[in-house]
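Me: Hey, can you walk me through this structure? I'm new to it.

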Amino acid sequence: MVSCGRVLFVKERADVDLLMTHIGPFLCYVMTIMKYICLVLHVDDIRSCVKYIEVDWNTVRSNEDYEVMLRNAKIGGLMATSIAAFMHCAVQFYSVTRCLMKNVVEVDNVSVTIRELPYPFYNEILDVRFSPAYELVLVLHVVSAFVMSGVTSVTCGLMVIFVMHACGQLKILIIWLNDIVQDNDAINISTVQRKMGFIVEHHLKVIK
């Protein structure tokens, strides 16, 4: 990211076309760092959510509740997998596409073909016009792209899984409320109060 920033704001800041071309990858770096920091800062909250999910699975009350949780878990897993596949494929496709591009420049009245890198690189650090410097930096770019897409995939995947689990728990609460309405023993006020208290407590845990 440092090298990319130096190219954008030091070397190419006067070239609007190149600046607009390379500002996207730079912002992607910045957003990835911010997402990673958020994950680190909220690691305790994430661990707590995982613990809640584990408790919910261990305290399933009926087959109907289990089916609801299983269905939402499958949807969440499918969405998380789709997000990860899309992110990795999109980022690596961009990297490969950029590598296939070539620029022809004149050096001492001689036309030289320069291979592109996925992301801007400051040549004063390492001259990537020649091998093996180009291959080394290319590998670093591909690995960093994989890490960036991985951070985004984890962030979005956790969000989807937690949201789908919460949706499943809310559906279960609706089932429990319907059971109270349809239960013939609902005439017993103490039983109704006990069930409603449990439902309210579980609802507060879900929305927390």
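**Helix packing**

Reply: Sure: α4 and α5 pack at an angle of about 160 degrees, and their axes are 8 Å apart. Axes here are lines fitted to C-alpha atoms, for helices over the stretch in contact, with angles from 0 to 180 degrees between N-to-C directions. This is a predicted model: local features need pLDDT of at least 70, side-chain atom pairs count only at pLDDT 80 or more, and totals for chains, interfaces and linings use all residues. Residues are numbered from 1 along each chain as its sequence is written, and side-chain values use heavy atoms, leaving out hydrogens and water.

Me: So how do α4 and α5 run relative to each other?

Reply: They're roughly antiparallel (angles over 145 degrees count as that).

Me: What's in that contact, by class?

Reply: The contact of α4 with α5 has 23 nonpolar, 13 polar and three charged residues. Asp, Glu, Lys and Arg count as charged; Ala, Val, Leu, Ile, Met, Phe, Trp, Tyr, Cys and Pro as nonpolar; the others, Gly among them, as polar.

Me: New topic: which residues make up the largest nonpolar core?

Reply: Eight residues: V68, M69, I172, L173, I175, W176, I180 and I199. A core is a set of buried Ala, Val, Leu, Ile, Met, Phe, Trp, Tyr and Cys residues joined through side-chain atoms within 4.5 Å, where buried means under 20% relative accessible area with a 1.4 Å probe, protein chains only.

Me: Which helix gives the largest share?

Reply: α5, with five residues. Helices are DSSP runs of H or I, at least four residues, numbered from the N terminus.

Me: Any idea which residues UniProt lists as "transmembrane region"?

Reply: Its unreviewed entry lists 23–43, 75–94 and 136–163. Those annotations may be inferred rather than shown by experiment. Residues 75–94 are 100% helix, with end C-alpha atoms 28 Å apart.

Notes:
Helix = DSSP H or I, 4+ residues; strand = E, 2+ residues; numbered from the N terminus. Buried < 20%, exposed > 50% of the residue type's maximum accessible area, 1.4 Å probe, protein only. Parallel < 35°, antiparallel > 145°, perpendicular 65-115°, else oblique.
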